[in-house]
Amino acid sequence: MIVSHKKVRTFQKVLYTTIIKIERGKGMKIIIINGSYRKNGATALILHEMYQKLGTYPNVEIQFYNVADLNLKYCVGCCKCYEKGKCIFNDDIENLSKNIETADGIIIGSPTYASNVSGQIKVLIDRGHFVIEQLLFRKYAVSVSTYENYGGKDTSKVLNRLLSYSGATISSSLFIKVPFSASPLRDSITQNKINRAMDKFYNDIYMQKSYICQKIKHFIIFRFGIFPFVIKKGSQYQGVISKWKKQGIKVLI
Ligand SMILES: Cc1cc2nc3c(=O)[nH]c(=O)nc-3n(C[C@H](O)[C@H](O)[C@H](O)COP(=O)(O)O)c2cc1C
């Protein structure tokens with residue numbers, strides 16, 4: 001019996017989707033991080049709304065972190081994490097980073113402070129093993145920035161750069177203008193944006209969607225930037241290479 005290539009491809013696609021669905025039936029883990037010190041501020045309200053929406057889907061485990069609750073130490077630039085794969089400080093950021101390793105998706109939100117992310121998010125970026133260790137490799141992400149006047153897009157850029165350089169597929173990026181201490185949820189447009197972003201996020205993870213432009217961009221950044229840089233460093237960056245191997249990143253030297 002001769003089976004056409006088209007039929008084989010269709011069969012492979014159905015099989016692949018079924019395997020993913022069975023896998024996903026085991027559960028989806030999503031981590032939400034509120035980068036504002038204000039636990040009831042605009043950023044938190046949006047993130048809590050996202051939490052509620054994601055909670056309506058089956059088999060989703062969601063963990064919510066407020067940076068205000070975390071014990072954050074600044075990066076001291078000792079570079080021991082590159083060698084050992086772990087930080088010299090065993091604090092909340094180290095635990096959060098370990099927890100992110102086993103997540104399927106991450107939502108990170110920050111208010112805009114002086115056209116940038118909050119100080120707490122910057123500490124998280126510096127300390128969280130994100131970019132060089134490719135912490136978000138094969139994970140999906142959503143960024144949220146809130147602002148009052150000007151600079152929300154800049155905040156969004158910082159967050160998106162962190163996410164894409166760390167290997168994540170960015171599902172959505174929301175930057176929401178709202179007067180200080182007002183609720184962003186009073187606006188039905190924002191509500192719709194949140195709902196649509198969460199539907200897409202869930203679907204992207206469930207179907208393991210791939211966005212070709214993001215893939216190419218990440219490939220270039222990783223293979224021509226991060227990879228040769230780390231390899232040149234040799235044993236000083238052994239911890240980074242071990243993390244890559246653990247994640248299934250091909251290390252051909
Ligand atoms: C120290 C500080 C700096 C800020 N800088 C900016 C800014 O550069 N641009 C802007 O549009 N809003 C700025 N804002 C306003 C906040 O970004 C905005 O109100 C945000 O939604 C607050 O989020 P939160 O309620 O989650 O803390 C600033 C607020 C503070 C407290």
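A residue counts as buried if 20 or more other C-beta atoms lie within 10 Å of its own, as exposed if 12 or fewer do, and as partly exposed in between. Keep that handy for the exercises below. One more thing before you start: the model you're looking at is predicted.

**Exercise 1. Find which residues of helix α4 are buried and which are exposed, and work out how they are arranged around the helix.**

Step 1. Go to residues 92-101, which make up α4. The buried residues here are I93, L96 and I100.

Step 2. Now look down the axis of α4: the buried residues fall within an arc of 60 degrees, so they line one face of the helix. Here's the background: an α-helix has 3.6 residues a turn, so residues three or four places apart point the same way.

Step 3. Turn to the other side of α4, and you'll meet N95 and K98, both exposed.

Step 4. What sits over the buried residues? The cover of α4's buried residues includes the strands β1 (28-34), β2 (60-66) and β3 (105-111), along with α5 (119-127).

**Exercise 2. Do the same for helix α9: which of its residues are buried, and what covers them?**

Step 1. Helix α9 spans residues 238-247, and its buried residues are V240, I241, K243 and W244.

Step 2. Around the axis, these residues take up an arc of only 160 degrees, so they sit on the same side of α9.

Step 3. Flip to the face turned away from that buried side, and there you have K245 and K246, which are exposed.

Step 4. The cover over the buried residues of α9 includes α3 (80-84) and α8 (212-233).

Step 5. Walk off the end of the helix: just after α9, G248 takes a positive phi of about 85 degrees.

**Exercise 3. Work out how β1 pairs with β2 and β3, and how the chain gets from β1 to β2.**

Step 1. Start with β1 and β2: they run parallel and are joined by seven bridges. Two pairs to spot are I31 opposite Q63 and K29 opposite E61.

Step 2. The chain gets from β1 to β2 by way of α2, and this β-α-β crossover is right-handed.

Step 3. Strand β1 also runs parallel to β3, with five bridges between them. In β3, I108 is the bridge partner of I33.

Step 4. How covered is β1? Mostly: six of its seven residues are buried.

**Exercise 4. Is Y65 buried, exposed or partly exposed, and which residues does Y65 touch?**

Step 1. Find Y65 in strand β2.

Step 2. Count neighbours: 19 other C-beta atoms lie within 10 Å of Y65. Buried takes 20 or more, so Y65 is partly exposed.

Step 3. Leaving out residues up to four places away in sequence, Y65 touches I31, I32, I33, N34, L70 and L96. You've met L96 already, as one of the buried residues of α4.

Step 4. Try a distance too: Y65 and I241 are 176 residues apart along the chain, and their C-alpha atoms are separated by 28 Å.

**Exercise 5. Describe the pairing of β4 with β5 and the route between them.**

Step 1. Strands β4 and β5 (residues 169-177) pair in the parallel sense, over eight bridges. In this pairing, T146 stands opposite I176 of β5.

Step 2. From β4 the chain passes through helix α6 (residues 152-165) to β5, and this β-α-β crossover is right-handed.

**Exercise 6. What makes up the shell around the ligand?**

Step 1. Of the 19 residues around the ligand, those that come nearest are S36, G41, T43, P111 and T146. Yes, that's the T146 that stands opposite I176.

Step 2. Sort the shell by class, and you get nine nonpolar, eight polar and two charged residues.

Step 3. Now sort by element. Both α2 (42-54) and β4 (140-147) supply at least two residues each. The largest share, three residues, comes from α2.

**Exercise 7. Where do N59 and R138 lie, and how exposed is each?**

Step 1. N59 lies in the loop between α2 and β2. Its phi is near 55 degrees, a positive value in a residue other than glycine.

Step 2. N59 has 11 other C-beta atoms within 10 Å, so N59 is exposed.

Step 3. R138 lies in the loop between α5 and β4, and the phi of R138, also a non-glycine residue, is positive, near 65 degrees.

Step 4. R138 has 13 C-beta neighbours inside 10 Å, so R138 counts as partly exposed.

Notes
Residues numbered from 1 in each chain as written. Predicted model: local features only at pLDDT ≥ 70, side-chain atom pairs only at ≥ 80, totals over all residues. Near = placed C-beta within 6 Å. Helix = DSSP H or I, 4+ residues; strand = E, 2+ residues; numbered from the N terminus. Nonpolar A, V, L, I, M, F, W, Y, C, P; charged D, E, K, R; others polar. Arc of directions from axis to C-beta. Contact = placed C-beta atoms within 7 Å. Pairing = 2+ DSSP bridges. Right-handed = clockwise from strand over helix to strand, strands pointing away.
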